[in-house]
There are 2 protein chains.
Amino acid sequence: MAKRGPYGKGIERREQILDAALRTIAERGYLATSVAELAEAVGLSQGGLLHYFGSKEELFVAVLRRRDETDLAGVHGPAPAAFVDIVRRNATVPGLIELFTHMQAAAADPRHPAHDYMLERYQLGTEGLSLALREMRRTGSLPEDLDTDGAATMFFALADGLQARWLIDPSIDMAALLEQWWDRYTTAGQR
Amino acid sequence: MAKRGPYGKGIERREQILDAALRTIAERGYLATSVAELAEAVGLSQGGLLHYFGSKEELFVAVLRRRDETDLAGVHGPAPAAFVDIVRRNATVPGLIELFTHMQAAAADPRHPAHDYMLERYQLGTEGLSLALREMRRTGSLPEDLDTDGAATMFFALADGLQARWLIDPSIDMAALLEQWWDRYTTAGQR
DNA sequence: GTCTATATCTGGATAGAC
DNA sequence: GTCTATCCAGATATAGAC
């Protein structure tokens, strides 16, 4: 017997809402987006929307989580280049970067819903990249003395920092700088 | 004749306000700080405070500018290490980092008062560091093929990114990572 | 599950007296 | 220059009907 309630239609609706919210935020940005705005874009009332997500902040976090999922699903090729690709693609949706930047700032408060999300993201990202780097180091394509955890932490901090700046000053080439970092940083001490 | 008005007492008062605001924000953080809060800390009414700064945002930007001035005034020694010292010192005033992070996010809107401030800061910072790097490169202490503008841009993006993350996850050692970056990045291709 | 309506709140800005 | 008082806008969250 096909269950109703949270399973079935409900969970699908949630996905639809998330998709619409993602699109709206990507287009209009974080500041221009209130819950009412989002509800309208999704064809729901404010109350209707909040039925699925308890609060505005939680909805926003859910949007970021969804984005991460689709980003990771589209990952191909070796670790660092794949992440640079994500950054490159992000440049086409400044609204989402803006959302992330605001959330990152707000997440400084441990009680904020984005706090745990950010911690998870840092941990998973660093772990994943560090693992890949260790493997590369093992096969000799990276210097033996490379601190892979440190490098991974740096990569994400650099990527996030570049994105925050790019939003204000689009003259910088985020992807190029990340690649430059990668080339130079990982070959140091090798020759 | 000693002028009154904006000059003399007025300008001093402004400084006092800025100092008190700086302290308050450093202690309580950005979110917990409303104009009323600030006014109280400074011993003024809300209206009194807003007499000096037109709006909340402008006041916040003024606080950041002031912070930059005192930071730069305390700079000693060679360029990169001095900046790392600033980051190290920042770790004692998370509230200010939080303020900066929020402002950086808000500055994505070109109409926001923090927008121009951020642009200036990026430009001055990058110029200054890049100049120092060029000098070091000239004297042979840096690789000849180092892109100094790129490296300077990276440094600040990395520093800002690390600070934003550190606010959420204080387990990382910002200064150590910056030094690690500096060592490895600038010696690449040198041996 | 979804809508309407509303409660409530917070906070920034303003006007005018002193 | 500074205070008091007020206004106003915007937004979230909630209650309850359908």
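Start by selecting B:Met103. Leaving aside its neighbours within four places in sequence, B:Met103 is in contact with B:Tyr30, B:Glu57, B:Phe60, B:Leu64, B:His112, B:Ala114 and B:Met118. Keep in mind throughout that this is a predicted model.

Colour the helices of chain B. B:Met103 sits in helix α6, residues 94–106. Is this residue buried or exposed? B:Met103 counts as buried, because its relative accessibility is 1%, and the cut-off for buried is under 20%. Now add B:Leu64, one of the contact partners. Its C-alpha atom is 9.2 Å from that of B:Met103, with the two positions 39 residues apart along the chain.

Next, move to B:Asp109. Look for this residue in the loop between α6 and α7 (113–138) of chain B. Its side chain reaches the backbone nitrogen of B:Arg111 at 2.8 Å. Beyond its neighbours within four places in sequence, B:Asp109 is in contact with B:His115 and with A:Leu31 of the other chain. B:Asp109 counts as buried, at 17% relative accessibility.

Now show both chains together. Which operation superposes chain A on chain B? A rotation of 180° does it, with 0.0 Å of shift along the axis and an RMSD of 0.0 Å. The two copies are therefore related as by a two-fold rotation axis.

Select the interface. On each side, 42 residues take part: 42 of chain A are in contact with 42 of chain B. Of the interface residues of chain A, 100% are also interface residues in chain B, so the copies meet through the same surface. The chains bury about 3600 Å² between them, with 68% of it on carbon and sulfur atoms. Pick out A:Arg165, A:Ile168 and A:Arg184 in chain A. These three lose the most area to chain B, together 22% of what that side buries.

Stay on A:Arg184 and add B:Asp145. The two form a salt bridge, with the closest N and O atoms 3.1 Å apart. Across this interface there are two salt bridges. There are also eight residue pairs in polar contact, both residues at pLDDT 80 or more.

Which elements of chain A give two or more residues to the side that touches chain B? They are α6 (94–106), α7 (113–138), α8 (148–168) and α9 (174–187). The largest share, 12 residues, comes from α8(A). By class, this side of chain A has 23 nonpolar, 11 polar and eight charged residues.

Finish with salt bridges inside the chains. The count over all chains is 26.

- Select A:Arg66 and A:Glu15. Their closest N and O atoms are 2.9 Å apart in a salt bridge. The pair links distant parts of the chain, 51 residues apart: A:Arg66 is in α4 (56–73), A:Glu15 in α1 (9–28). A:Arg66 counts as buried at 16% relative accessibility, while A:Glu15 counts as partly exposed at 32%.
- Select A:Arg138 and A:Glu135. This salt bridge has its closest N and O atoms 2.8 Å apart. Both residues lie in helix α7 of chain A, three residues apart, about one turn of the helix. A:Arg138 counts as exposed at 61%; A:Glu135 counts as partly exposed at 41%.
- Select B:Arg89 and B:Asp71. The closest N and O atoms of this salt bridge are 3.7 Å apart. B:Arg89 lies in α5 (79–90) and B:Asp71 in α4 (56–73) of chain B, so the pair ties together parts 18 residues apart in sequence. B:Arg89 is partly exposed at 35%, whereas B:Asp71 is buried at 8%.

Last, return to chain A and add A:Asp19. Salt bridges that share partners join A:Glu15, A:Asp19 and A:Arg66 into one network.

How values were computed. Residues numbered from 1 in each chain as written. Chains lettered and ligands numbered in written order. Predicted model: local features only at pLDDT ≥ 70, side-chain atom pairs only at ≥ 80, totals over all residues. Heavy atoms only, no water. Contact = heavy atoms within 4.5 Å. Buried area = accessible area lost by both parts, 1.4 Å probe. Salt bridge = Lys/Arg side-chain N within 4 Å of Asp/Glu carboxyl O. Polar contact = N/O pair within 3.5 Å; in protein donor to acceptor, adjacent residues only side chain to side chain. Helix = DSSP H or I, 4+ residues; strand = E, 2+ residues; numbered from the N terminus. Nonpolar A, V, L, I, M, F, W, Y, C, P; charged D, E, K, R; others polar. Buried < 20%, exposed > 50% of the residue type's maximum accessible area, 1.4 Å probe, protein only. Least-squares fit on C-alpha atoms with pLDDT ≥ 70 in both.
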